[in-house]
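Q: Please take one part of this structure and examine it closely, with the cut-offs behind each term, and then set that part against the rest of the chain.

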Amino acid sequence: MNNFINRCKEFMQDEEGLTIVEYVIGAALLVAAFALADPWAALSGNLTAIINGIGA
């Protein structure tokens, strides 16, 4: 158990380890924001309007 606690303390003090965690959290937030924005619906609507305009 002491070994686990010591490893956790080392990880928290390791600047590189914290940086990796920060990048993973940042990437997850970007993916969530992109998914919530739903850009595919707007793109689909625009393309449909363009294709319908070409045929008219």
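A: Leu 43 counts as partly exposed because its relative accessibility is 41%, where buried means under 20% relative accessible area, exposed over 50% and partly exposed in between, with a 1.4 Å probe and only protein chains considered. This is a predicted model, in which local features need a pLDDT of at least 70 and side-chain atom pairs count only at pLDDT 80 or more, whereas totals for chains, interfaces and linings use all residues. Residues are numbered from 1 along each chain as its sequence is written, and side-chain values use heavy atoms, with hydrogens and water left out.

Leu 43 lies in helix α3, and helices here are DSSP runs of H or I with at least four residues, strands being runs of E with at least two, numbered from the N terminus. Together with Phe 34, Trp 40, Leu 47, Ile 50, Ile 51 and Ile 54, Leu 43 forms a nonpolar patch on the surface, with about 790 Å² of accessible area in total. Such areas come from the Shrake-Rupley method with a 1.4 Å probe, and for residues only the protein chains shown count as cover. Patch members have over 30% relative accessible area and no salt bridge, with nonpolar side chains (Val, Leu, Ile, Met, Phe, Trp, Tyr) joined within 5 Å and like charges within 9 Å; a salt bridge is a side-chain nitrogen of Lys or Arg within 4 Å of a carboxyl oxygen of Asp or Glu. Helix α3, residues 39–55, supplies the largest share of the patch, six residues. In an α-helix there are 3.6 residues a turn, so residues three or four places apart point the same way.

Ala 37 belongs to helix α2, residues 15–37, and with 59% relative accessibility Ala 37 counts as exposed. The C-alpha atoms of Ala 37 and the patch member Ile 50 are 22 Å apart, with their positions 13 residues apart along the chain.

The whole chain has three helices and zero strands, and 2% of its 56 residues count as buried. Its radius of gyration is 23 Å, against near 10 Å for a compact globule of 56 residues, the radius being taken over C-alpha atoms and the globule rule being 2.2 Å times the number of residues to the power 0.38. The C-alpha atoms fill a box of roughly 75 × 20 × 10 Å along the principal axes. As for pLDDT, the predictor's confidence in each residue from 0 to 100, α3 has the highest mean among the elements, 85, and α1 the lowest, 82.
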